[in-house]
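Dear colleague,

I am passing on a structure that you have not worked with before. Please look it over first, and then read the notes underneath.

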Amino acid sequence: MPEAAARAHVRYIRPVVEKALATSHCSLATIDYIAVTVGPGLLPSLMVGVEFAKALSFATGKPIIPVNHMAGHLYSPFGRISSKLSSSSSFKHLFPMVSLIVSGGHTILVLMKDIKNYKVLGQTIDDAAGEAFDKVAKMLNLPYPGGPEVSRLADDGNPKVINFPRPMINHKNYNFSFSGLKTAVLYYLRDHSKQATPTSPPPSRGRNKERESKADVCASFQQAVVDVLVAKTLRAAREYKARSISLSGGVAANEALRKQLIVNCKLLKVKFFVPPKNLCTDNAEMIGLTACFMLHNGFKPVSFKKIKANPNLSL
Ligand code: KG4
Ligand code: ZN
């Protein structure tokens, strides 16, 4: 509900900014720049942030740095690599880097040649990985956002019980597709609904059995997603002789995905970077951090008059 989301943004943006300043012991006077997400995303919500930033810029005279939301995810793992933002040479030894961005709206594989030169190797041709998690959660009557819920249930399940498809895992390109996998889960649940929810068992055993089979569906689905993401990322790392791999976006909080990449990076002898779990899902730190990288790499801040929200902004 984009309108409701935008109204919530209007209600919260000022108290959130005030709280952020207070908890970091800053005031508007000590701030040098105003970084704001300009896209991609839902236009009404983007506009609230952008117009608020413009008003702040007009009132304080502080210049604006417009940040691409996906660049925010891309740079988010760098927050833990080094606090030396001033020279890009301090990161030289990490490149080439293969970066996997997995969020609710995007699944993108990126090749970073250095800190500011990167190209998209591939992306999803239909649903994003996070979107597939959310939709499968909905099928299982789990609350939104579904990713953390599915992942929690998957911990109690067996990933080998159901052999869900691994779409495009052997394709030579770096694109992804998760819509077919989502449909496979839907058909599985339709065909096994009687087994999953027996009609007249003793109530407590019935609930346990239902939870067990839900857990197996979650574990098997999650494993299918993780297998595809990891296989393509590793193949890109081998092809481009990457020195490191990074993982970001909301789905990067998924423990199974993090673990499988950590193990494989060790085998491949490449470094692995991922933000802490609470900074994988959307947050302001990654936008501020990206703005710092932009500034230190030659970006010139712009007047508020030139800033506009762009829902379709690409990486
Ligand atoms: O990056 P993000 O916060 O927002 C977008 O830019 O889309 O990603 C949100 C997505 C949601 O689809 C959510 O279900 C998923 O990240 N997510 C997870 C986990 N935590 C969040 N997916 C799988 N496992 C998780 N632990
Ligand atoms: Zn995001």
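The notes below take up the ligand, then one helix, and lastly a single residue.

Please keep in mind throughout that this is a predicted model.

**Around ligand 1**

There are 20 residues around ligand 1, and those that come nearest are Gly104, Asp134, Gly147, Gly250 and Asp282. The residues of this shell divide into 13 polar, 5 nonpolar and 2 charged. Three helices, namely H3 (69-75), H4 (129-139) and H5 (146-154), each supply at least two residues of the shell, and H5 gives the most, with 4 residues.

Some polar contacts to the ligand can be given individually. A polar side-chain atom of His69 lies 3.1 Å from an oxygen atom of ligand 1, while a side-chain N or O atom of His73 is 3.0 Å from an oxygen atom of the ligand. In the case of Gly147, it is a backbone N or O atom that lies 2.9 Å from an oxygen atom of ligand 1. On its own, ligand 1 has 550 Å² of accessible area, of which the protein covers 87%.

**Helix H9**

Helix H9 comprises the 14 residues 255-268, which at 1.5 Å a residue should span 20 Å, and the C-alpha atoms at its ends are indeed 20 Å apart, so the expected and computed values agree. Within H9, the residues Leu257, Arg258, Leu261, Asn264 and Cys265 are buried. Because these five cover an arc of only 140° around the axis, they are on the same side of H9. The face turned away from that buried side carries Lys259, Lys266 and Leu267, which are exposed.

Both ends of this helix also deserve a look. At the N-terminal end, Asn254 acts as a cap, with a side-chain oxygen that lies 3.1 Å from the backbone nitrogen of Ala256. Just after H9, Lys269 takes a positive phi of about 60°.

**Thr233 in helix H8**

Is Thr233 buried or exposed? Its relative accessibility is 0%, and because buried means under 20%, Thr233 counts as buried. This residue lies in helix H8, which runs over residues 203-239, and the side chain of Thr233 reaches the backbone oxygen of Leu229 at 2.6 Å.

If you open the model, you could begin with the contacts of His69, His73 and Gly147 to ligand 1, and then turn to the buried side of H9.

With best wishes

Methods
Residues are numbered from 1 along each chain as its sequence is written. Chains are lettered from A and ligands numbered from 1 in the order in which they are written. This is a predicted model: local features need pLDDT of at least 70, side-chain atom pairs count only at pLDDT 80 or more; totals for chains, interfaces and linings use all residues. Side-chain values use heavy atoms; hydrogens and water are left out. The expected span of a helix is 1.5 Å times one less than its number of residues. Buried means under 20% relative accessible area, exposed over 50%, partly exposed in between (1.4 Å probe, protein chains only). The arc is that of the directions from the helix axis to the C-beta atoms. A polar contact is a pair of N or O atoms within 3.5 Å; within protein, one must be able to donate a hydrogen and the other to accept it, and residues adjacent in sequence count only if both atoms are side-chain atoms. A residue is near a molecule or strand if one of its heavy atoms lies within 4 Å of it. Accessible areas come from the Shrake-Rupley method with a 1.4 Å probe; for residues, only the protein chains shown count as cover. Ala, Val, Leu, Ile, Met, Phe, Trp, Tyr, Cys and Pro count as nonpolar, Asp, Glu, Lys and Arg as charged, and the others, Gly among them, as polar.
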